[in-house]
Amino acid sequence: MLDQEFERIGGRLFLEGLVGASFGNMSVRAEGGFYITRSGAYLDAREMPVFVPDGGEAPDGASSEYRVHRAVYRAAPHRAIVHAHPVHAVAASFNTDSIKPIDSEGRIFCPEIPVVEGEPGTDEIAQNVSEALRNHPVTIVRGHGTFAASETLDEAYIYTSIAEYACRILLLSGRLRRVL
Ligand SMILES: [Zn+2]
């Protein structure tokens, strides 16, 4: 069931501190559109996500960032997206336009994490994130959070976790000391 799957992944995001309060959102592709978490929903609560069609207006209740998700699905054949607010990834994003992990998992699974600009709810963020996710599994919107896209919610969550871990290592190792 979709609501259980969203709850399971949302629980993991909370457990690792990748989101707080009612921030973040997730979606999965479906026939003619995608299912996305509700606006203001706690990601670890069991709630049925909202269906957003590929074109036209989104229904009331859909996450306000549905435009970013729609743009990502249009630009590449991804099937699931996780948007989170991981602290170290956001801190690292002020320092560079491209993060190069130095830890083993980061180097293997996301050797380059692009950092993009864009205020929430704008066309700019939708365009920049969808462009970055055409060739990378995860990107960071500067000062805001991560967007990860893949085949499944599990994979998109894992990329989010790997990106946060990589940024934490970079900051703790002193490679990004300038921002601290
Ligand atoms: Zn956000």
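This is a short talk on how the strands and helices of one predicted model fit together.

I'll start with the sheet. It is an open sheet of eight strands, in the order β3-β2-β1-β4-β8-β7-β6-β5, and the pairing is mixed. At the edges are β3, residues 50–53, and β5, residues 98–99; each has a single partner strand, so one side of each is left without a neighbour in the sheet.

Now to β4, residues 80–84. How many of its residues are buried? Five of the five, so the strand is largely enclosed by the rest of the structure. Both faces are covered: Ala80, Val82 and Ala84 are buried on one side, and Ile81 and His83 are buried on the other.

As for its partners, β4 pairs with β1, residues 25–30, in the antiparallel sense over four bridges. In that pairing, His83 of β4 has Asn25 opposite. β4 also pairs with β8, residues 145–150, again antiparallel, over five bridges. There, Ala84 has Thr146 of β8 as its bridge partner.

For a parallel pair, look at β6, residues 113–116, and β7, residues 138–141, which are joined by two bridges. Val116 is opposite Val141 of β7. Also on the sheet is helix α2, which packs against it and touches β1, β2 (33–36), β3, β4 and β8. The direction of α2 makes about 140° with that of β2.

Just past the end of β4 is His85, in the loop between β4 and α3 (87–92). Is His85 buried or exposed? It has 19 other C-beta atoms within 10 Å, and because the cut-off for buried is 20 or more, His85 counts as partly exposed. Leaving aside neighbours within four places in sequence, its contacts are Val19, Gly20, Phe23, Gly24, Val90 and Gly145. His85 and Val141, the β7 residue I mentioned, are 56 residues apart in sequence, with their C-alpha atoms 9.6 Å apart in space.

Next, the helices, beginning with α1, residues 2–15. Its 14 residues reach 20 Å from first C-alpha to last, close to the 20 Å expected at 1.5 Å a residue. Phe6, Ile9, Gly10 and Leu13 are the buried residues of α1. They cover an arc of only 105° around the axis, which puts them on the same side of the helix. On the other side of α1, Gln4 and Leu15 are exposed. What covers the buried residues of α1? The cover includes β1, β4 and α6.

Two residues after α1 deserve a look at their backbone angles. Gly17, just after the helix, has a positive phi of about 70°. Ala21, in the loop between α1 and β1, also has a positive phi, about 45°, although Ala21 is not a glycine. With 9 other C-beta atoms within 10 Å, Ala21 is exposed.

On to α6, residues 153–172. Its 20 residues should span 28 Å at 1.5 Å a residue, and the end C-alpha atoms are 28 Å apart, which agrees. Helix α6 lies across β1, β4, β5, β6, β7 and β8, and runs at about 140° to β8. Just after α6, Gly174 takes a positive phi of about 90°.

One residue of α6 to pick out is Ile158. Ile158 has 20 C-beta neighbours inside 10 Å, so it counts as buried. Its C-alpha is 9.6 Å from that of Leu13, although the two are 145 residues apart in sequence. Leu13 is one of the buried residues of α1, and α6 is part of what covers them.

Last, α2 and α5. The axes of α2, residues 66–75, and α5, residues 123–135, come within 8 Å and cross at roughly 35°. The crossing is right-handed. From α2, the contact involves Arg67, Val68, Ala71, Val72, Arg74 and Ala75; the α5 side includes Ile125, Ala126, Val129 and Leu133.

Which residues of α5 are buried? They are Ile125, Ala126, Asn128, Val129, Ser130, Ala132 and Leu133. Their cover includes α2, along with β6, β7 and β8.

To come back to the middle of the talk: β4 is buried at five of five residues, with β1 and β8 as antiparallel partners. I'll stop there.

How values were computed: Residues are numbered from 1 along each chain as its sequence is written. This is a predicted model: local features need pLDDT of at least 70, side-chain atom pairs count only at pLDDT 80 or more; totals for chains, interfaces and linings use all residues. The expected span of a helix is 1.5 Å times one less than its number of residues. A residue is buried if 20 or more other C-beta atoms lie within 10 Å of its own, exposed if 12 or fewer, and partly exposed in between; C-beta atoms are placed from the backbone. Two strands pair if DSSP finds at least two bridges between them. The arc is that of the directions from the helix axis to the C-beta atoms. Two residues are in contact if their C-beta atoms, placed from the backbone, lie within 7 Å. Axes are lines fitted to C-alpha atoms, for helices over the stretch in contact, and angles run from 0 to 180 degrees between N-to-C directions. A crossing is left-handed if the near helix is turned anticlockwise from the far one by less than a right angle, and right-handed if clockwise.
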